[in-house]
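This report describes one protein chain in plain terms. Look at the sequence and the structure first, then read on.

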Amino acid sequence: MMKRMLWLLFTAALVFPAWRMAHIADHTIEGIVLDEAGSELIGANVMIKGTKIGAVTNINGHFSLTSPDPCATLVISYTGYTSLEEKACAGKIKKYTLKASILLDEVVVTGYGAERERKEPRASAKAKKDMAQSYMPSPGMSMPTKPYPEPYPADPNTEDYAAIQENRFQAAIQNPLSTFSIDVDAASYSNLRRFLNLGQVPPADAVRIEEMVNYFDYDYPQPKGEHPFEVITELSECPWQPEHRLLHIGLQGKTVSTENLPASNLVFLIDVSGSMSDANKLPLLQSAFKLLVDQLRQKDKVAIVVYAGAAGLVLSPTDGTDKQKIKEALDKLSAGGSTAGGAGIQLAYKTAREQFVKGGNNRVILATDGDFNVGASSDEEMVKLIEKERESGIFLTVLGFGMGNYKDSKMQQLADKGNGNHAYIDNMSEARKVLVSEFGGTLFTIAKDVKLQIEFNPAKVQAYRLIGYENRMLNKEDFNDDKKDAGELGSGHTVTALYEIIPVGVKSSFIATVDDLKYQKQEDDKKVTILPSNEIVNIKLRYKQPEGTKSQLIEKPILDKPLKTSETSDNFRWSAAVAEFGMLLRKSELKGNATYAQAIKLAKTGQGKDENGYRREMIQLLEIARALADPEVAGKD
């Protein structure tokens with residue numbers, strides 16, 4: 001009997017803690033957050049006081065969170081309203097009413113304590129729409145129709161750009177291979193346009209020449225063969241260094257009509273933290289996303305995840321035909337609180353995985369100023385998170401908004417590591433370009449991990465340099481490594497790259513020399529066996545299908561037959577003018593004889609068809625930059 005009693009006590013001692021642990025997280029606290037008029041508040045932060053446990057209200061004002069205890073004290077906050085602290089218990093769905101705040105100083109409560117922020121009175125949905133409308137320039141024109149309302153920070157000191165070490169000339173005989181990943185991002189151009197339109201010269205590291213060049217469409221032929229893109233080349237003299245040559249390489253992605261595009265499973269991941277309250281951030285974002293909603297079809301689905309002090313699903317997956325419901329969810333968003341970007345990204349990818357469409361377009365669209373400051377927020381942490389999530393087959397599009405605290409470097413890394421692209425939206429004209437005109441290219445991938453390897457013939461080429469693509473350079477061994485991540489190409493997208501070449505026999509101060517080695521006998525260049533050929537370069541390109549794991553190879557040799565400048569295409573002259581513009585903005589040591597006057601003249605000769613006015617706009621930006629430049633680079637007419 002005693003043994004039986006001891007056995008029962010022993011069993012109870014083991015079972016009770018296990019039972020308690022199994023039930024400790026089973027308490028679900030639910031509620032609905034309303035304003036004084038009884039309307040649901042979407043995106044309100046609900047936290048368990050003194051913990052990191054939180055939730056965000058959905059489109060119906062509803063929240064649900066898991067508590068370790070059956071009852072807990074909730075802290076509910078929403079920008080423009082007085083925060084509410086109230087006890088709640090599991091088992092009941094209670095309504096909580098927030099009162100509009102008449103004070104400008106408001107405490108925004110997060111799971112990490114309270115912080116005092118200076119807030120403006122909350123704008124109504126109509127007021128935010130009206131503000132966003134003021135950023136609608138005519139097509140192809142980026143200058144606002146009226147100045148930004150004050151205060152808007154013109155000082156870019158808190159903006160963050162990754163340092164760029166400009167590509168130098170490489171001797172072809174020692175370094176015959178140049179390997180890089182494609183880049184279809186265009187964020188740099190629209191961002192520097194914002195600076196110039198405000199009468200400021202952009203920071204040098206904000207200028208990525210490849211993104212300037214690739215902002216524009218080029219008149220390349222559509223692919224006709226088995227591959228999803230066509231490779232186009234031109235060779236001529238270099239405008240800013242006539243004794244050099246310029247090699248133009250273009251890729252044209254196959255255009256897939258909208259009706260033939262696969263079904264989309266989209267998750268809008270929207271930053272609604274306090275830093276997004278300016279009119280050129282969340283209000284502009286809301287108007288921009290409505291343009292995208294108008295492009296959706298019946299077979300498409302959209303969910304909306306927001307993040308501030310906590311992350312929450314505010315719109316469950318909704319058919320693309322239910323446009324009014326999606327737009328209403330967007331209209332109800334309001335900014336306030338800190339920025340838990342990592343939690344938002346995890347929830348967005350989880351939502352996308354749950355609705356995954358095999359053979360479809362599965363994509364998270366992140367819209368933010370990049371100012372993450374809670375949880376996983378360092379560049380390294382965020383990149384690791386994105387790299388892990390991309391294995392699920394979900395692509396990423398990053399849309400940047402705002403000014404003053406814009407974190408360009410972080411968004412670049414997220415897009416690069418997330419099998420995605422990056423655009424900067426500074427006005428409704430740019431939103432229309434990215435989300436309507438280039439809808440297929442922005443959101444539908446036709447080829448991934450696209451990388452090029454160019455071999456230069458040392459019998460023809462003394463030295464070369466790739467203009468731009470500094471953050472896309474790869475090791476030569478990476479070209480054949482299918483595990484190495486590279487860029488994506490969207491439907492109808494064009495990609496352009498330029499190489500400046502110093503021909504054999506041309507004396508140049510740009511070619512650096514090194515001392516002889518002490519422990520190795522350095523062979524004379526003339527002893528290298530060079531095979532006879534009329535080719536100047538050989539282009540190799542690898543890519544994978546959107547859901548593929550094995551790359552396919554394209555190879556194209558280029559003969560040494562340079563054209564006269566007058567014989568070149570608009571594509572060649574325009575891309576050269578854009579590159580020259582970029583080098584001048586960066587104050588490049590390799591700009592040679594480049595001047596703004598010369599770049600303007602060259603751009604005008606290559607303007608070609610300009611239906612949307614984007615090229616005309618760049619010529620105007622060149623004129624603005626010229627007015628801000630020193631006389632020696634401004635040039636003479």
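Two strands pair if DSSP finds at least two bridges between them. Helices (H or I, at least four residues) and strands (E, at least two) are themselves DSSP runs, numbered from the N terminus. With these terms, strand 2 (residues 45–48) and strand 5 (residues 71–77) run antiparallel and are joined by four bridges.

This is a predicted model, in which local features need pLDDT of at least 70 and side-chain atom pairs count only at pLDDT 80 or more, while totals for chains, interfaces and linings use all residues. Residues are numbered from 1 along each chain as its sequence is written, and side-chain values use heavy atoms, with hydrogens and water left out.

**The chain as a whole**

The chain contains 15 helices and 25 strands. Of its 637 residues, 54% are buried. Buried means under 20% relative accessible area, exposed means over 50%, and partly exposed lies in between (1.4 Å probe, protein chains only). About 28600 Å² of the chain is exposed, and carbon and sulfur atoms supply 52% of that area. Accessible areas come from the Shrake-Rupley method with a 1.4 Å probe; for residues, only the protein chains shown count as cover.

A contact means heavy atoms within 4.5 Å. Among contacts between residues at least 6 apart in sequence, 77% join residues at least 24 apart.

**Strand 5 and its partners**

Strand 5 has seven residues, five of them buried, so it is largely enclosed by the rest of the structure. In its pairing with strand 2, I76 of strand 5 stands opposite V46. Strand 5 also pairs with strand 6 (residues 84–89), in the antiparallel sense and over six bridges. There, A72 has A88 in strand 6 as its bridge partner.

**A six-stranded sheet**

An open sheet of six strands follows the order 16-15-14-17-18-19, and its pairing is mixed. Which strands stand at the edges? They are strand 16 (311–319) and strand 19 (420–425); each has a single partner strand, so one side of each is left without a neighbour in the sheet. From one strand to the next, the twist averages 15°.

Inside this sheet, strand 14 (residues 264–271) and strand 15 (residues 301–307) are parallel and share seven bridges. One bridge sets D271 against Y307 in strand 15.

Helix 5 (residues 282–293) packs on the sheet and touches strand 14, strand 17 (361–368), strand 18 (395–401) and strand 19. The direction of helix 5 makes about 170° with that of strand 14. Helix 9 (residues 408–417) lies across strand 17, strand 18 and strand 19, and runs at about 165° to strand 18. For these angles, axes are lines fitted to C-alpha atoms, for helices over the stretch in contact, and angles run from 0 to 180 degrees between N-to-C directions.

**Helix 14**

Helix 14 (residues 614–628) has 15 residues and reaches 21 Å from its first C-alpha to its last, close to the expected 21 Å. The expected span is 1.5 Å times one less than the number of residues. The buried residues of helix 14 include Y614, M618, L621, L622 and A625. Among the elements that cover its buried residues are helix 3 (187–197), helix 10 (428–437) and helix 12 (570–586).

**Salt bridges**

A salt bridge is a side-chain nitrogen of Lys or Arg within 4 Å of a carboxyl oxygen of Asp or Glu. The whole structure holds 30 of them. The table lists some examples.

| Pair | Closest N to O distance |
|---|---|
| R168 and E589 | 3.5 Å |
| D331 and K290 | 2.5 Å |
| R353 and E389 | 2.6 Å |

R168 and E589 are 421 residues apart: R168 lies in the loop between helix 2 (125–133) and strand 10 (170–171), and E589 in the loop between helix 12 and helix 13. R168 is partly exposed at 44% relative accessibility, and E589 is exposed at 62%.

D331 in helix 6 (residues 323–331) and K290 in helix 5 are 41 residues apart. D331 is partly exposed, with a relative accessible area of 29%, whereas K290 is buried at 17%.

R353 in helix 7 (residues 341–354) and E389 in helix 8 (residues 379–389) are 36 residues apart. R353 is partly exposed at 38%, and E389 is buried at 9%.

Salt bridges also link D183, D185, D416 and R472 in a network.
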